[in-house]
Amino acid sequence: MTSIPIGIIVCSDRAATGVYEDRGGPAIHDYLGKVLTNNWHPVLEVIRDERAVIAATIERLADVEECCLILTTGGTGPALRDITPEATLDVCDRQLPGFGEVMRTASLAEVPTAILSRQIAAIRNKSLVINLPGKPAAIKTCLDAVFAAVPYCIDLIGGPRLETDPAYCKAFRPKQ
Amino acid sequence: MTSIPIGIIVCSDRAATGVYEDRGGPAIHDYLGKVLTNNWHPVLEVIRDERAVIAATIERLADVEECCLILTTGGTGPALRDITPEATLDVCDRQLPGFGEVMRTASLAEVPTAILSRQIAAIRNKSLVINLPGKPAAIKTCLDAVFAAVPYCIDLIGGPRLETDPAYCKAFRPKQ
Amino acid sequence: MTSIPIGIIVCSDRAATGVYEDRGGPAIHDYLGKVLTNNWHPVLEVIRDERAVIAATIERLADVEECCLILTTGGTGPALRDITPEATLDVCDRQLPGFGEVMRTASLAEVPTAILSRQIAAIRNKSLVINLPGKPAAIKTCLDAVFAAVPYCIDLIGGPRLETDPAYCKAFRPKQ
C-alpha cells in the first residue's frame, strides 16, 4: 500500500532559527496519526516567516512532493510578520472561505481574540492547503471543526481517498 | 402590471449537454413561485461550466434583460470545473460576504461538507447575483436563510419593489 | 500621561453637507468614553461618501495623526454610494475577516438585513481600522461583539496599551 504524503509547514522565525521549540508541527502530526487510518507519512518543513519562502514551500509540497493535504501552523495573526495567509494565496487559485469561518467560530467559543485569526484554506491544483494557528490547543479546535469535510474535498480535487477513524472524526461523503 | 424578470442560470456541463436532467433550475423557479407575490417571470439559461460563458450570461441578464435578481445554481464547490463564484466576481463590482456566510452556516446544520461551498453574492449595477448550490434541498436551505433580506437589498440598489408571501418568508425592511 | 488619539470617521454625504445631523459619530465617541480607561481623545472627521476622500482620511489619521484605532461609520451597505469597505482596503494591507463575520452574526440576531452589511476590519501599519454601520444601536451591537479583542490586536501591531473598564467590556489578552 502506497504511503500518502501530507505536508506540515511550521511558519515561525523563532522555530526556524532554533530559538524556540516548535509545538505546532508535533501537534498536527499527532492529530493526523489519530484521525487517519490510511498509510501516510508527513513531509515536514520548519521555515521562517518570509512570504516568498512560505509560498515556495507550499508550491514544492504540492507540485513535487504531491501532498494532497498541506497544513501550515503559525503566522496567521495581525502582526507584521504574520504573512502565512498572503503566502498561501500567492500560490493557490481558489479559496474556500467556509474553512476560515468555521475555524474562527469554533475558536471563538474558547477565546474572544479568535477573531484576530486571518487563517484561510485554499486549493492549488490537487492540493488542499489549510492554515492553522500556532498553539496545540487551538490547532485541535480548528481541525476538529473542519476535518469531517477534508476527505470529500480531496476526493473532489482528484486526490487519494482518505479514511478516518470514526471514533475520532467521522468523514462525511454525500451520497451522489 | 409589469412582470418583473428574474434570472435563473443553471451552470452545469452535464445539464447543458443533455446528459443530465437539471433539478436546480426547477427548484429555484418553484421557490420563487411560492415566495413572491409580484407578477414575475423567469429568464432561464442552462449553460456549461465555462467561466467566460457564465460571466457573459450574468452580464446579459443584468444589462439587457434587466433582471434585478439573478440566481445561479451549480459550480460552487472545490472541483476544477466549479468556477461560478469566479465568473460572478468577473462581472460584479461589490461583494456581499454576509450571504455566503449565512448560507454556509445554514447548510452546515445539515451536512459537514457545507464548508466546501464557495458560493458568494455580489452586485452588478442594479442586479443582485446570488450563487446557489446544485441540489434542490440545499437550494431551499440557502434561500430560506437569506431571502428575508433580498427585497430590501434590491430596494437599495434601485430595483423594483419585491413583495413576499409572509406565510412563506417575511421580507424585512428597516424603518427609516 | 499622553493622550491616545483615536480616529472617528463619519462617511455620509448628508452629514458632510449639513442636511442631516450625524448620530453615528457621537455614538462611537460615547461608547469609547465608557469602555476605555486610558487617557484618550477623538480625532473626528465628517466627510462625503467619496472613495478617494475616505481613503485619504484613513491614511492621514493613521500616518499623520497616529491613531492606533480608526472607527468609520456609514457607507457599508449595498447601495451605489456605499463605498467605505473599498476605500478602507485601498489603504490597508491586511484584512481581518473575523471582525466582519462576528459583527454580522451579532447584528443578524437583531435584523435579517444584517447580511447586507459589507463592513470589514483591516490594518494599515500600526493602525486597526474597523467599519461600523451608521445607526447608533447597530454600532453598539457591533462594538460589543468585537471590542474584547481590540486591545490585544493593537498590542500585536505595535500600538499603545489600551485598557478597558471590565464592567463594560473585559479586554482579553492570551497568556504567552
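This text walks through the structure from the arrangement of its chains down to the packing of single helices.

The model is predicted, so local features need pLDDT of at least 70 and side-chain atom pairs count only at pLDDT 80 or more, while totals for chains, interfaces and linings use all residues. Residues are numbered from 1 along each chain as its sequence is written, and chains are lettered from A and ligands numbered from 1 in the order in which they are written.

Let us start with the symmetry. Two copies of a chain are related by a rotation about an axis and a shift along it. Here, a turn of 120 degrees with a shift of 0.0 Å along the axis lays chain A on chain B with an RMSD of 0.0 Å (copies are superposed by least squares on the C-alpha atoms of residues with pLDDT of at least 70 in both). That is the relation of a three-fold axis. Within chain A, the C-alpha nearest the axis belongs to Glu101(A), at 4.3 Å. Chain C is superposed on chain A by a rotation of 120 degrees as well, with 0.0 Å of shift and an RMSD of 0.0 Å. In chain C the C-alpha nearest the axis is that of Glu101(C), 4.3 Å away from it.

Next, look at where the chains touch. Two residues are in contact if their C-beta atoms, placed from the backbone, lie within 7 Å. By that rule, 17 residues of chain A are in contact with 14 residues of chain B. On the chain A side, helix 5 (97–108) and helix 7 (150–156) each supply at least two residues; helices (H or I, at least four residues) and strands (E, at least two) are DSSP runs, numbered from the N terminus. Helix 5 of chain A gives the most to this side, with five residues. In character, the side of chain A that touches chain B has 14 nonpolar, one polar and two charged residues. For these classes, Ala, Val, Leu, Ile, Met, Phe, Trp, Tyr, Cys and Pro count as nonpolar, Asp, Glu, Lys and Arg as charged, and the others, Gly among them, as polar. Only 6% of the interface residues of chain A are also interface residues in chain B, so the copies meet through different surfaces.

Turn now to chain C, where 17 residues are in contact with 14 residues of chain A. Helix 5 of chain C gives the most to the side that touches chain A, with five residues.

Inside chain A, follow helix 2 (residues 24–35) and helix 6 (residues 136–146), whose axes come within 9 Å and cross at roughly 35 degrees. Axes are lines fitted to C-alpha atoms, for helices over the stretch in contact, and angles run from 0 to 180 degrees between N-to-C directions. The crossing of these helices of chain A is right-handed (the near helix is turned clockwise from the far one by less than a right angle). Helix 2 of chain A brings Gly24(A), Ala27(A), Ile28(A) and Tyr31(A) to the contact, and helix 6 of chain A brings Pro136(A), Ile139(A), Lys140(A) and Leu143(A).

Finally, visit helix 4 (residues 84–91) of chain C, where Thr84(C), Pro85(C), Ala87(C), Thr88(C) and Val91(C) are buried (20 or more other C-beta atoms lie within 10 Å of the residue's own, with C-beta atoms placed from the backbone). Seen down the axis of helix 4 of chain C, the buried residues fall within an arc of 160 degrees, so they line one face of the helix; the arc is that of the directions from the helix axis to the C-beta atoms. Among the elements of chain C that cover these buried residues are strand 1 (4–11) and helix 3 (51–63).

Technical notes
A residue is buried if 20 or more other C-beta atoms lie within 10 Å of its own, exposed if 12 or fewer, and partly exposed in between; C-beta atoms are placed from the backbone.
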